[in-house]
Amino acid sequence: VISIDTYSHVPPYEQVRSQFAGLIINRVLSVGAKLPTVRALASDLGLAVNTVARSYRELEEAGLVETRGRAGTFVSTVGELGRATVQKAAHEYALTARTLGLDPEEALGIVRAAILAIQPPGHAK
Amino acid sequence: LIVDMNVGRAQKWLVRQGLVEFEPTWLVAGRIAARHRAAVAEGVIIGLAMAVSVAGLVAAFVTGDLRKSDERSWYIELQAATCVMFALGMLVGFLVAARGDRAVAQSLTGRVAHPAAVGLRDVLGRRRIRAAVVAYPGGLVAGGFVALVVDAPSRGPVIIFLAAITLMSVIAGIGLLGVLRRPAVATDPRSLYVDDVLRSQDAWRALGPYPYLLGMNIATMGTSPWYLVLYVYYFGTTIFYVMGGRNALP
């Protein structure tokens with residue numbers, strides 16, 4: 001389910017983008033799944049068409065979805081590859097942490113701090 | 001009092017759908033109330049159509065026109081008109097429900113939506129799509145075939161049949177398109193599920209069993225043995241409607 005929190009400080013386009021990105025990365029939306037049309041989603045969520053269009057554009061730039069002309073927007077295979085890349089990096093990190101004798105909790109804390117330190121792409125612009 | 005009635009109606013509807021763990025929220029109550037108003041409006045038009053149909057039958061019986069093939073064309077036209085009134089009743093019901101939905105949607109602050117596109121198969125299911133194909137394009141094929149093979153004097157009823165089923169197809173198409181394209185009226189996953197159920201029911205209602213009534217009425221009016229094709233169409237449509245209407249969700 002895609003939802004919009006009207007009281008959130010996060011802009012609506014970023015809420016839509018991040019939720020879709022999460023669903024794609026977590027494989028809730030499988031490769032080849034068709035996303036709703038920009039107009040339909042905007043209508044469902046009570047948003048402006050441009051807001052949803054921006055979210056879709058950013059998802060496409062990130063390689064998570066692809067637009068196939070008039071057929072619509074689909075989840076691309078790149079998202080799947082991205083997940084595999086992150087899993088590989090996590091595995092390497094876990095090995096490094098173990099080699100250096102880091103406590104698992106400390107290793108997780110470092111990752112958490114690194115994630116929190118990165119501003120979402122929507123805020124950077 | 002009206003609010004209590006709407007909540008009670010919503011509660012009953014949820015129980016009928018097997019959604020006993022769902023609360024009859026004001027959102028669900030508002031949408032069910034809109035459908036109740038739609039059913040009343042539709043019922044008035046269909047009741048009127050049925051009264052006209054019965055009055056026509058009585059008049060044709062009293063005048064003896066029903067037995068004379070040359071003088072019963074007015075009766076055939078009247079029956080076709082009543083079938084079209086059924087379809088118009090369906091359209092009015094759809095519009096009243098859509099208006100109610102819009103009013104409810106305007107009062108929502110937060111909204112939710114499905115992340116994946118919802119297509120015809122998700123809303124209707126294969127069984128109901130087959131029923132619609134048998135009823136509408138099937139009716140046009142059956143009627144077109146009968147119109148081609150019967151001789152000119154006995155072509156009247158099938159021409160009316162073809163005109164009426166074309167109009168019904170257009171009305172059903174408009175209704176179905178409206179149901180598929182309407183925005184989701186939901187604030188959380190539960191109300192989104194209710195929206196799915198309502199969308200599925202509305203789509204099935206948009207297809208209405210009116211071609212079935214039309215087939216039944218017109219098939220009895222024909223004088224050529226080729227009108228048996230319309231009887232086959234009538235029985236086929238009946239079977240598919242019964243099979244398609246069994247489940248609340250596809």
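**Notes on the A–B contact and the salt bridges**

1. Let's start where the two chains meet: chain A and chain B share six residue pairs in polar contact, counting pairs with both residues at pLDDT 80 or more. Keep in mind as you read that this is a predicted model. What is the count of salt bridges between chain A and chain B? It is zero.

2. Now for who takes part. Chain A brings 16 residues to the contact and chain B brings 14. On chain A's side, the elements giving two or more residues are strand 1 (2-3), helix 1 (12-25) and helix 2 (38-45). Helix 2 of chain A gives the most, with four residues. Sorted by class, that side of chain A has 10 nonpolar, four polar and two charged residues.

3. How much area goes into it? The size of an interface is often given as the accessible area lost when the parts come together. Here, chain A and chain B bury about 1,200 Å² between them, and 61% of that is on carbon and sulfur atoms.

4. Have a look at the strands too. Strand 1 of chain A and strand 1 of chain B (residues 112-113) run antiparallel and are joined by two bridges. If you want a spot to click on, A:Ser3 has B:Val112 as its bridge partner.

5. On to salt bridges, of which the whole structure has 11 over all chains. In chain A, A:Arg17 pairs with A:Glu14, with the closest N and O atoms 2.9 Å apart. Both residues, A:Arg17 and A:Glu14, are buried. They sit three residues apart in helix 1 of chain A, so about one helical turn separates them.

6. Compare that with A:Arg54 and A:Glu58, a salt bridge whose closest N and O atoms are 3.7 Å apart. These two lie four residues apart in helix 3 (residues 49-61) of chain A, about one turn of the helix. Is A:Glu58 buried or exposed? With a relative accessible area of 11%, A:Glu58 is buried, while A:Arg54, at 30%, is partly exposed.

7. Chain B has a salt bridge between B:Asp101 and B:Arg31, at 3.0 Å from N to O. This one links distant parts of the chain: B:Asp101 is in helix 3 (residues 73-106) and B:Arg31 is in helix 2, 70 residues apart. Both B:Asp101 and B:Arg31 are buried. They also belong to a network of salt bridges that includes B:Arg35, B:Arg182 and B:Asp195.

8. One last residue: B:Glu42, in helix 2 (residues 26-63) of chain B. B:Glu42 counts as buried because its relative accessibility is 10%, under the 20% cut-off. Among the residues B:Glu42 touches are B:Gly89, B:Arg205 and B:Tyr210.

Technical notes:
Residues numbered from 1 in each chain as written. Chains lettered and ligands numbered in written order. Predicted model: local features only at pLDDT ≥ 70, side-chain atom pairs only at ≥ 80, totals over all residues. Heavy atoms only, no water. Buried < 20%, exposed > 50% of the residue type's maximum accessible area, 1.4 Å probe, protein only. Contact = heavy atoms within 4.5 Å. Buried area = accessible area lost by both parts, 1.4 Å probe. Salt bridge = Lys/Arg side-chain N within 4 Å of Asp/Glu carboxyl O. Polar contact = N/O pair within 3.5 Å; in protein donor to acceptor, adjacent residues only side chain to side chain. Nonpolar A, V, L, I, M, F, W, Y, C, P; charged D, E, K, R; others polar. Pairing = 2+ DSSP bridges. Lists of a residue's contacts leave out its neighbours within four places in sequence.
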